Amino acid sequence: SDVCSSDLARPGQQCWWRENFFPVSIGDEPIGMAAIVEEITDEREAEAERRQLSELLSRAREPIFVWELDGGITMWNAGAEAVYGYTPQEVLGKPPHALLQTVHAAPWPEIRAILERDRQWKGELIHRTRGGQEVIVECYKQLAILDGRHLVMETNRDITERKRLERIQAEFIALAAHELKTPLTSLKGFA
């Protein structure tokens with residue numbers, strides 16, 4: 001069992017201990033109990049920090065999810081649910097590229113090589129939502145190796161609307177340039 005107590009070596013600080021009791025016998029005759037006591041304060045603090053970080057990530061507005069490099073999704077936040085339309089229960093364990101029908105800007109093996117070498121990758125991707133809508137995202141992937149697992153934390157920013165406006169602007173500029181050249185060409189003919 002885990003026990004919290006004040007630490008005599010560090011007055012005023014709370015410490016956690018794990019106590020494991022077992023019987024002691026001589027032959028078949030039980031003579032008492034023994035205990036192994038282990039300090040686990042650092043372990044408890046690390047676990048509390050992981051829970052806090054997980055809670056913060058789960059509440060972020062931006063889509064954030066974690067997936068195993070050669071496996072499925074292990075964490076899916078509320079932002080991902082809002083953008084893509086899938087609940088965490090629906091996506092856990094599923095490969096993200098297949099689920100979201102990811103279109104990469106470069107071949108996946110090239111992106112993976114950069115991710116493994118630099119432990120990060122940034123670029124634009126196209127995903128599909130649950131309803132089939134195309135979403136253009138600015139993607140940031142970070143690779144971490146934890147307990148032998150290659151985990152990728154992917155953060156995406158939906159830039160679909162920005163890309164649409166950029167396309168409209170480019171079309172307008174091209175049309176305006178064409179329209180301005182046409183009258184000038186006509187006037188050249190009269191000169």
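How many residues does the hairpin use to join S4 to S5? The answer is four, and this hairpin is a convenient place to begin a tour of what is a predicted model.

**Stop 1: the hairpin**

Select residues 64–68, which form strand S4, together with residues 73–76, which form strand S5. The two strands pair in the antiparallel sense, over three bridges. Within this pairing, display phenylalanine 65 and look across to S5, where tryptophan 76 is its bridge partner.

**Stop 2: the aromatic cluster**

Keep phenylalanine 65 and tryptophan 76 on screen and show their side chains. Both residues are buried. Their ring centres lie 5.0 Å apart and their planes meet at 40°, so the pair is classed as tilted. This pair links distant parts of the chain, since phenylalanine 65 belongs to strand S4 and tryptophan 76 to strand S5, eleven residues apart.

Next, add tyrosine 84. Tryptophan 76 and tyrosine 84 also form a tilted aromatic pair, with 5.8 Å from centre to centre and 40° between the planes. The relative accessible area is 5% for tryptophan 76 and 0% for tyrosine 84; tryptophan 76 is buried, and tyrosine 84 is buried as well. Ring pairs thus link Phe65, Trp76 and Tyr84 into a cluster.

**Stop 3: the nonpolar core**

Which residues of the largest nonpolar core touch the most other members? They are Phe65, Ile73, Trp76, Tyr84, Tyr86, Leu99 and Leu100, out of 20 residues in that core. At least two core residues come from each of S4, S5, helix H2 (78–84), helix H5 (108–118), S7 and S8. Strand S8 supplies the largest share, four residues.

Centre the view on tyrosine 86 and display its surroundings. Setting aside residues up to four places away in sequence, tyrosine 86 touches Trp76, Glu81, Val91, Leu99, Leu100, Thr129 and Arg130.

**Stop 4: the sheet**

Switch to a cartoon view and colour the strands. Six of them form an open sheet in the order S5-S4-S9-S8-S7-S6, with antiparallel pairing. S5 and S6 stand at the edges with a single partner strand each, so one side of each has no neighbour in the sheet. Now select helix H5: this helix packs on the sheet, where it touches S4, S6, S7, S8 and S9, and its direction makes about 145° with that of S7.

Move to S8 and S9, which pair in the antiparallel sense over ten bridges. On this ladder, alanine 144 stands opposite leucine 151 in S9.

**Stop 5: lysine 141**

Remain in strand S8 and select lysine 141. Is this residue buried or exposed? Lysine 141 is buried, its relative accessible area being 0%. Its side chain makes a polar contact of 2.7 Å with the side chain of glutamate 154. To see the wider surroundings, display the residues in contact with lysine 141 beyond four places in sequence: Trp67, His97, Trp108, Leu115, Arg119, Gln120, Trp121, Leu125, Val152, Met153 and Glu154.

**Stop 6: glutamate 124**

Select glutamate 124, in strand S7 (residues 120–128). With 32% relative accessibility, glutamate 124 counts as partly exposed. Residues up to four places away in sequence aside, glutamate 124 touches Ala105, Ile136, Val137, Ile159, Arg162 and Lys163. A distance can also be drawn from glutamate 124 to aspartate 158: their C-alpha atoms are separated by 9.8 Å, although the residues are 34 apart along the chain.

**Stop 7: two loops with positive phi**

Most residues other than glycine have a negative phi. The tour ends with two residues whose phi is positive. Select glutamine 101, in the loop between helix H4 (96–99) and strand S6 (103–104). Its phi is positive, about 50°, although the residue is not a glycine. Glutamine 101 counts as partly exposed, at 47% relative accessibility.

Then select aspartate 147, in the loop between strand S8 (134–146) and strand S9 (149–158). Here too phi is positive, near 50°, in a residue other than glycine. Where glutamine 101 is partly exposed, aspartate 147 is exposed, with a relative accessible area of 82%.

Methods: Residues are numbered from 1 along each chain as its sequence is written. This is a predicted model: local features need pLDDT of at least 70, side-chain atom pairs count only at pLDDT 80 or more; totals for chains, interfaces and linings use all residues. Side-chain values use heavy atoms; hydrogens and water are left out. Two strands pair if DSSP finds at least two bridges between them. Buried means under 20% relative accessible area, exposed over 50%, partly exposed in between (1.4 Å probe, protein chains only). Contact means heavy atoms within 4.5 Å. A nonpolar core is a set of buried Ala, Val, Leu, Ile, Met, Phe, Trp, Tyr and Cys residues joined through side-chain atoms within 4.5 Å. A polar contact is a pair of N or O atoms within 3.5 Å; within protein, one must be able to donate a hydrogen and the other to accept it, and residues adjacent in sequence count only if both atoms are side-chain atoms. Axes are lines fitted to C-alpha atoms, for helices over the stretch in contact, and angles run from 0 to 180 degrees between N-to-C directions. Rings of Phe, Tyr and Trp (its six-membered ring) pair if their centres lie within 6.5 Å; planes under 30 degrees apart count as stacked, over 60 as edge-to-face and the rest as tilted.
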